[in-house]
Amino acid sequence: MLAVSAAASSADQPVAGAVPAIVRRAAEVDAAALRGFIGMQRHFSTDVHVGPVRHTEQSESGVLINDGAYVKIKYYKITQDGKAFSQSKLEERESQTNRDWAAGKIFFKEPYDKRFMGDYRFAEEPCNGCAPGTVAVAFTSDVKDAQHGNGTMWIASPSARVEKLTYVPNAFPPHASSGNVTETSGTAMPDLWYVTKIESTYKGHAFIVSGSGTFLGTFDHFKHFSTAAEGEAALAAGSI
């Protein structure tokens, strides 16, 4: 869960009877933990191989959310194929990302987020090899975009925290024909359980050349803020 859109969703009124109790509990726990303004640092790395050619990108940024909804993102550095972005190019990427996020794009719409639960169907499944008290729940969605997918999440029953989630997106990036994403959650702060790592792998073809791509995103330095102004000041200063 990188962030969530402030825009309304068809999931605003999910059908309670269609959602397992453990998923409803997980949604309540997640919503309660995300109250208020929260900032975090993001560290992203992309590595793409197309035939003998390799492309890489690394980025450092900060993001501010409010009650789980996107507020603003700030890029501090982006390096592409070993070359750092100029300030103007960095600002261009930042503006585009803020526009896309404000429009409700980019991020995965988590099946345990109250806003999007109605986009999914759920079914508990065997949890072979799981720790005691862990419940596995399969989820599927008919929404054919990259922000929805079909997969499984593992929820710790005592705490109702989603510990891990893996899925196949319903739409892939250009030239990709297969792929999967894994999100791992952990203790971001004493009172916050959040996604701290995202890993994804894609395979496909560009014309007649096969290729693959991997993405790793990590999140840390989480911090609560009393107001939007306080959070945005820290974001601008790079002090989160």
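Student: In what order do the elements of the chain run from the N terminus on?

Tutor: Keep in mind that this is a predicted model. To read the order, walk along the chain and note each helix or strand. Here the elements run α-β-β-β-β-α-β-β-β-β-β-β-β-α. That gives three helices and eleven strands.

Student: How compact is the chain next to a globular protein of that length?

Tutor: Compare its radius of gyration with the globule rule. The chain has a radius of gyration of 18 Å, close to the 18 Å that the rule gives for 240 residues, so it is as compact as a globular protein of that length. Along the principal axes, the C-alpha atoms fill a box of roughly 50 × 50 × 35 Å.

Student: What share of the residues count as buried?

Tutor: A residue is called buried when its relative accessible area is under 20%. By that cut-off, 45% of the 240 residues count as buried. As for the surface, the accessible area is about 11700 Å², and 54% of that belongs to carbon and sulfur atoms.

Student: Which residues have the most contacts inside the largest nonpolar core?

Tutor: Look for the residues that touch many others in the set. The largest core has 45 residues, and those with the most contacts inside it are Val23, Met153, Leu192, Tyr194 and Phe222. Take Phe222: beyond its neighbours within four places in sequence, its contacts are Ile38, Gly39, Met40, Ala188, Met189, Leu192, Tyr194 and Val195. Apart from that core lies another of six residues, including Leu64, Ala234, Leu235 and Ile240.

Student: What percentage of contacts join residues at least 24 apart?

Tutor: Set aside the pairs that sit close in sequence, then see how far apart the rest are. Among contacts between residues at least 6 apart in sequence, 53% join residues at least 24 apart.

Student: Where is Gly231, and is this residue buried or exposed?

Tutor: Gly231 lies in helix α3, residues 228-237. Its relative accessible area is 0%, so Gly231 is buried. Leaving out residues up to four places away in sequence, Gly231 touches Leu64 and Phe225. You may recall Leu64 from the core of six residues. The C-alpha atoms of Gly231 and Val63 are 9.3 Å apart, although 168 residues separate the two along the chain.

Student: And which strand holds Gly204?

Tutor: Gly204 is in strand β10, which covers residues 192-206. With 10% relative accessibility, Gly204 counts as buried. From C-alpha to C-alpha, Gly204 and Ser177 are 4.8 Å apart in space, while in sequence they are 27 residues apart.

Student: What sign does phi have in most residues other than glycine?

Tutor: In most residues other than glycine, phi is negative. Now for two cases with a positive value. Phi of Asp81 is near 50°, and phi of Ile106 is near 80°.

Student: Where are Asp81 and Ile106 found?

Tutor: Asp81 sits in the loop between β3 (69-80) and β4 (83-84). Ile106 is in the loop between α2 (87-102) and β5 (120-125). For accessibility, Asp81 at 43% counts as partly exposed, and Ile106 at 44% counts as partly exposed too.

Student: How many positive and negative side chains does the chain have?

Tutor: Count each set, then ask where its centre falls. The chain has 23 positive and 26 negative side chains. The centres of the two sets lie 2 Å apart.

Conventions:
Residues numbered from 1 in each chain as written. Predicted model: local features only at pLDDT ≥ 70, side-chain atom pairs only at ≥ 80, totals over all residues. Heavy atoms only, no water. Core = buried A, V, L, I, M, F, W, Y, C linked by side-chain atoms within 4.5 Å. Buried < 20%, exposed > 50% of the residue type's maximum accessible area, 1.4 Å probe, protein only. Contact = heavy atoms within 4.5 Å. Helix = DSSP H or I, 4+ residues; strand = E, 2+ residues; numbered from the N terminus. Rg over C-alpha atoms; globule rule 2.2 N^0.38 Å. Areas by Shrake-Rupley, 256 points an atom, 1.4 Å probe, with all protein chains shown as cover. Lys, Arg positive; Asp, Glu negative; His and termini not counted. Charge placed at Lys NZ, Arg CZ, Asp CG, Glu CD.
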